[in-house]
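Here are my notes, point by point. Please keep the model open while reading.

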Amino acid sequence: MQVVLATTSHLEQVLQNLKAANQKLLSQGVYQWDDTYPSRELLEADIEQQAMYVALEQNRITASVSVDTKQPNAYSDISWHPATLKPLMVHRLCVHPEKQGQGVGRRMLEFIETHAVEQGHDCIRVDVHAHNIAALATYGNRNFKRLGEVFFPRRDVPFICMEKILVSS
C-alpha cells in the first residue's frame, strides 16, 4: 500500500469509495455521513489545499483521509491535553468496505502519525461517530484517548473526540 497526496484525478474514485462506505455505515445504523457531507466541493478544497491523501493498491484507491489544522468550533468545550500546542486534525478517514478489517485503517493512521511528527505537530485529534464501533476501536488501538463528545448539525448521536499525544524522535 502506497499513500500519496491526492490529486483531482483521484476525486471520482474517492467519491465512489465514500458512497460505498456510507452505504455500509447506514446498514449498520451509523448515520455519520449523508448526501450533503462530505460534499464534492469540500473534497475538491481538500485536494486543492493539499490536505487529502489516498492509499493506493494496484492503482486502486483503498482509503482516503484529509488532515489539516482546522479545529471545528464544536471542539472548544473539550478538555484537550493542556500541553499540546500544534494539533493535526483528521477528517473523513474512509476505507473502502472491501478493504475494511484488513489493516488499511491502521496503516493510514500510521502514515498520519508519521506525517504529523514530520510536520512538527505534537498531537492528533479526531471525532468519531459514537455508533462507529470499528472506527472507535481502530483509534483506540492506536492509543487515541477519548476526551469528550460533541454534536454536529443534522446528527442526533454524538461524536467522540479523541486525541493522541505524539512523541517526536
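1. Glutamine 50. Start in the loop between α2 and β2, where glutamine 50 lies. This is a predicted model, so treat the backbone angles below as computed values. Glutamine 50 has a positive phi of about 55°, yet it is not a glycine. The residue comes just after α2. Its relative accessible area is 53%. That is over 50%, so glutamine 50 counts as exposed.

2. Arginine 92. A second non-glycine residue with a positive phi is arginine 92, at about 60°. Its setting is strand β4. Is arginine 92 buried or exposed? It is buried, with a relative accessible area of 11%. Glutamine 50, by contrast, is exposed at 53%. Arginine 92 also turns up in two of the linings discussed below: that of the largest cavity and that of the largest pocket.

3. The cis peptide. The bond from tyrosine 37 to proline 38 is cis, with omega near -5°. Proline 38 sits in the loop between α1 and α2. Most residues other than glycine have a negative phi, and most peptide bonds are trans. Check this bond and the two positive phi values together when you go through the backbone.

4. Helix α2. The helix spans residues 40-48, and its buried residues are Leu43, Asp46 and Ile47. Why do they fall on the same side of α2? Because they cover an arc of only 95° around the axis. An α-helix has 3.6 residues a turn, so residues three or four places apart point the same way. The face turned away from the buried side carries the exposed residues Glu41 and Glu48.

5. What α2 packs against. The buried residues of α2 pack against one helix, α1 (11-27), and against strands β2 (52-57), β3 (60-68) and β4 (87-95). Leu43 is one of these buried residues, and Leu43 also helps line the largest cavity.

6. The cavity. How many cavities of 30 Å³ or more does the structure hold? There is 1. The largest cavity holds about 40 Å³ of space. Its lining consists of Val14, Leu18, Leu43, Met52, Ser64, Val65, Ser66 and Arg92. Two elements, α1 and β3, give two or more residues to this lining. The largest share, 3 residues, comes from β3. By class the lining has 5 nonpolar, 2 polar and 1 charged residues.

7. The largest pocket. Its volume is about 1,100 Å³. It is lined by 46 residues, and those nearest its centre are Gln32, Trp33, Arg92, Leu93 and Asn132. The elements giving two or more residues are α1, α2, β4, α3 (104-118), β5 (123-129) and α4. Which element gives the largest share? It is β4, with 6 residues. The lining divides into 22 nonpolar, 14 polar and 10 charged residues.

8. The second largest pocket. About 250 Å³ of space lies here. Of its 13 lining residues, the closest to the centre are Leu18, Lys19, Asp34, Asp35 and Pro38. Pro38 is the residue that follows the cis bond. Leu18 is also part of the cavity lining. The element that gives the most is α1, with 6 residues. By class there are 6 nonpolar, 3 polar and 4 charged residues.

9. Glutamate 163. This residue belongs to strand β7 (residues 159-165). Glutamate 163 is buried, with a relative accessible area of 4%. What does its side chain meet? It makes a polar contact with the side chain of arginine 125, at 2.8 Å. A polar atom of the glutamate 163 side chain also lies 3.0 Å from the backbone nitrogen of histidine 81. Leaving aside neighbours within four places in sequence, its contacts include Trp80, Thr84, Cys123, Asn143, Phe144 and Leu147.

10. Alanine 137. Helix α4 (residues 133-141) holds alanine 137. The residue is partly exposed, with a relative accessible area of 37%. Its C-alpha atom is separated by 17 Å from that of alanine 63, 74 residues apart along the chain.

Note on methods
Residues are numbered from 1 along each chain as its sequence is written. This is a predicted model: local features need pLDDT of at least 70, side-chain atom pairs count only at pLDDT 80 or more; totals for chains, interfaces and linings use all residues. Side-chain values use heavy atoms; hydrogens and water are left out. Buried means under 20% relative accessible area, exposed over 50%, partly exposed in between (1.4 Å probe, protein chains only). Helices (H or I, at least four residues) and strands (E, at least two) are DSSP runs, numbered from the N terminus. The arc is that of the directions from the helix axis to the C-beta atoms. Contact means heavy atoms within 4.5 Å. On a 1 Å grid over the protein atoms alone, a cavity is a set of points where a 1.4 Å probe fits but cannot get out, and a pocket is an open set with protein on both sides within 12 Å along at least five of seven lines; lining residues have an atom within 4 Å of a point. Grid points are joined across faces, edges and corners, and a volume is the space filled by probe spheres set on the points. Ala, Val, Leu, Ile, Met, Phe, Trp, Tyr, Cys and Pro count as nonpolar, Asp, Glu, Lys and Arg as charged, and the others, Gly among them, as polar. A polar contact is a pair of N or O atoms within 3.5 Å; within protein, one must be able to donate a hydrogen and the other to accept it, and residues adjacent in sequence count only if both atoms are side-chain atoms.
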